[in-house]
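User: I would like to go through this protein step by step. Please keep the answers short and show the reasoning.

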Amino acid sequence: AKYSPDGREIVSGHADNMVRLWQVGTKTHTILTRFSTSVNDVVWSPDSKHVASCSMDSGIKVISLSNKNEVRMLRGHSGGVKSLAWDPKNEFLASIGFDASVRVWRVSAD
């Protein structure tokens, strides 16, 4: 789970394959997306406009928080994706897979 940069929301990834967005101080949440396998990592974009998540199914999903829609599905690892990191300028998303590869994705057009 990760706090949003402004501290008002938390995004969490779960073993039930779901990514949830929580409002801090309440029990209210929204399901942002589902994977076919458990979620390994979730990250906020530096501008707080997107959330990226990854799972064991080798997929990376980028979700727009303005409309809660998936704007990108990234595939390139030959196995599950372990973790993600967004660059500070909001242009690139890095991923590391269980296949021992690191990928850098241009996401600034979202």
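The questions below deal with strands, salt bridges and surface features of this predicted model.

User: In which order do the four strands of the open sheet lie?
Analyst: The pairing in this open sheet is antiparallel. S1 and strand S4 (29-34) are the edge strands, and each pairs on one side only. The order is S1-S2-S3-S4.

User: Which residue in S2 is the bridge partner of Lys 2?
Analyst: Lys 2 lies in strand S1 (residues 2-3). Two bridges join S1 to strand S2 (residues 9-13), and the two run antiparallel. In S2, the bridge partner of Lys 2 is Val 11.

User: How far apart are the C-alpha atoms of Ser 12 and Lys 2?
Analyst: Ser 12 has its place in strand S2. Along the chain, Ser 12 and Lys 2 are ten residues apart. Their C-alpha atoms are separated by 6.5 Å.

User: Is Ser 12 buried or exposed?
Analyst: Buried means under 20% relative accessible area. Ser 12 has a relative accessible area of 6%, so this residue is buried.

User: Which residue in S4 stands opposite Met 18?
Analyst: Strand S3 (residues 18-23) pairs with S4 in the antiparallel sense. Five bridges hold this pairing. Opposite Met 18, in S4, stands Arg 34.

User: Which residue takes a positive phi in the hairpin of S3 and S4?
Analyst: This hairpin has five residues between the strands. A positive phi near 85° is found there. The residue that takes it is Gly 25.

User: How many salt bridges does the count come to?
Analyst: A salt bridge needs a side-chain nitrogen of Lys or Arg within 4 Å of a carboxyl oxygen of Asp or Glu. Asp 6 and Arg 8 form one, with the closest N and O atoms 3.5 Å apart. Asp 16 and Arg 20 meet in another, at 2.9 Å from N to O. The count comes to three.

User: How many residues apart are Lys 2 and Asp 41, whose side chains meet in a salt bridge?
Analyst: The salt bridge of Lys 2 and Asp 41 has an N to O distance of 2.8 Å. This pair links distant parts of the chain, with Lys 2 in strand S1 and Asp 41 in strand S5 (residues 39-44). The two are 39 residues apart.

User: What does Asp 41 count as, buried or exposed?
Analyst: Its partner Lys 2 has 32% relative accessibility, so Lys 2 counts as partly exposed. The limit for buried is under 20%. Asp 41 is at 12% and therefore counts as buried.

User: Is Arg 8 buried or exposed?
Analyst: Exposed means over 50% relative accessible area. Asp 6, at 45%, counts as partly exposed. Arg 8 is at 60%, so Arg 8 counts as exposed.

User: Over which ring does the charged end of Lys 61 sit?
Analyst: A charge over a ring must be within 6 Å of the ring centre. The charged end of Lys 61 is 4.6 Å from the centre. The ring is that of Phe 35.

User: About how much accessible area do Ile 96, Val 102 and Val 104 have together?
Analyst: These residues form a nonpolar patch on the surface. Ile 96 is found in strand S10 (residues 92-97). Ile 96 has a relative accessible area of 33%, so this residue is partly exposed. Together, the accessible area of Ile 96, Val 102 and Val 104 is about 270 Å².

Note on methods: Residues numbered from 1 in each chain as written. Predicted model: local features only at pLDDT ≥ 70, side-chain atom pairs only at ≥ 80, totals over all residues. Heavy atoms only, no water. Patch = residues over 30% accessible without salt bridge, like charges linked within 9 Å, V, L, I, M, F, W, Y side chains within 5 Å. Areas by Shrake-Rupley, 256 points an atom, 1.4 Å probe, with all protein chains shown as cover. Buried < 20%, exposed > 50% of the residue type's maximum accessible area, 1.4 Å probe, protein only. Pairing = 2+ DSSP bridges. Lys NZ or Arg CZ within 6 Å of the ring centre and 35° of its normal.
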